[in-house]
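Hi everyone, thanks for coming along. Could you bring up the sequence and the structure, so that we can walk through a few parts of it together?

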Amino acid sequence: MAFSSSLSFIALALLLSLSFCCVNSTAKFDELFQPYWAADHFSFDGDAVNMKLDNYSGAGFSSKSKYMFGRVNIQIKLVEGDSAGTVTAFYMSSDGPKHHEFDFEFLGNTSGEPYIVQTNVYVNGVGNREQRLNLWFDPTKDFHTYSILWNQRQVVFLVDETPIRVHSNLEHKGIPFPKDQAMGVYSSIWNADDWATQGGRVKTDWTHAPFVATYRAFEINGCECPVSTADSDNAKRCAKVGGWWDQPVLSELNVHQSHQLIWVRANHMIYDYCSDSGRFPSVPVECEHHRH
């Protein structure tokens, strides 16, 4: 029995390592992605990609394929110095007016102030689920890994393997969950000085342009969905494919991850839509049931 228990523990540890480590770690940008906006605002330095914003244009890239369930990791070094008014985004999104979307948005700041990351979740075209937190490190000094894990039970946003947000499947409570539309993976940098920094009070200082975000270590491990296949057929196939992302151990955070999320919320969260009675006189229904 002790030998059997040890094997079970080893198998669990191996599953976790496969789920949360470097799949496709050597994948280069052009194997997975392509510029979709302002290709002349890209430059390449080995396996790193620089994307810039200047007073002529921002820029963006998108994945060549779409996916349903899995995990995406990208390492980003954010805009240094005075980046007020700028937004660097990393997100997944489907198409159409009733799309699903999972957002990381990094809001630029004036020099010396902490960087703010805003996350949001859209379901059937409806967002308004913003959370904001101060990062516990300077994201402009080195690369950090930003990840989205998506399966039939939850969506998890992670920073350097630390979960910062969980959006749980609450369909049993009558709340829609995004699991029926294939999503592309995107990143962009643009000027949003009407809202990005201190609610738009601080504008972009173009004397600091160009504003450059740098990317590397592109990883996508999920159920790839052919464009020619209907979303309903992709959803059935990806739900039945038996991917690692739907293993029971990934249906919710483990104890350590739950403690990490509690620490993030207690020490770094500065805004949660669930607590904004000005915007939502009645608490949004999913907020009443989410444990995190």
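I'll talk about two helices, then three aspartates, and end with a pocket.

A quick word on the ground rules. This is a predicted model, where local features need pLDDT of at least 70, side-chain atom pairs count only at pLDDT 80 or more, and totals for chains, interfaces and linings use all residues. Residues are numbered from 1 along each chain as its sequence is written, and side-chain values use heavy atoms, with hydrogens and water left out.

Let's start with helix α4, residues 255-268. Helices here are DSSP runs of H or I with at least four residues, strands are runs of E with at least two, and both are numbered from the N terminus. The expected span of a helix is 1.5 Å times one less than its number of residues. For the 14 residues of α4 that should give 20 Å, and the end C-alpha atoms are indeed 20 Å apart, so the two agree.

Which residues of α4 are buried? They are Q257, S258, Q260, L261, V264 and H268. They cover an arc of only 160° around the axis, so they sit on the same side of α4; that arc is taken from the directions from the helix axis to the C-beta atoms. On the other side, V255, H256, H259, I262 and A266 are exposed. By buried I mean under 20% relative accessible area, by exposed over 50%, and by partly exposed anything in between, with a 1.4 Å probe and protein chains only. The cover over the buried residues of α4 includes β9 (131-134), β12 (162-168) and β15 (269-272).

Strand β15 also holds our first aspartate, D272. D272 is buried, at a relative accessible area of 10%. Setting aside neighbours within four places in sequence, D272 is in contact with E130, Q131 and R265, where contact means heavy atoms within 4.5 Å.

On to helix α3, residues 231-240, where N234, A235 and C238 are buried. These cover an arc of only 100° around the axis, which puts them on the same side of α3. K236 and K240 are exposed on the other side. The buried residues of α3 pack against β5 (66-77) and β14 (211-225). After α3 comes G242, with a positive phi near 75°.

The next aspartate, D231, is in α3. Is D231 buried or partly exposed? At 34% relative accessibility, D231 counts as partly exposed. Have a look at Q181 too: D231 and Q181 are 50 residues apart in sequence, yet 5.5 Å apart in space, C-alpha to C-alpha. Not counting residues up to four places away in sequence, D231 touches M68, D180, Q181 and A182.

The last aspartate, D205, is in the loop between β13 (184-191) and β14. D205 is partly exposed, with a relative accessible area of 30%. Leaving aside neighbours within four places in sequence, D205 contacts A84 and F211.

Finally, the second largest pocket, with a volume of about 150 Å³. Its lining includes G81, N109, E113, Y115, F137 and K141. By class, the lining has four nonpolar, five polar and three charged residues. Those classes count Ala, Val, Leu, Ile, Met, Phe, Trp, Tyr, Cys and Pro as nonpolar, Asp, Glu, Lys and Arg as charged, and the others, Gly among them, as polar. A pocket is an open set of points on a 1 Å grid over the protein atoms alone, where a 1.4 Å probe fits, with protein on both sides within 12 Å along at least five of seven lines; lining residues have an atom within 4 Å of a point. Points are joined across faces, edges and corners, and the volume is the space filled by probe spheres set on them.
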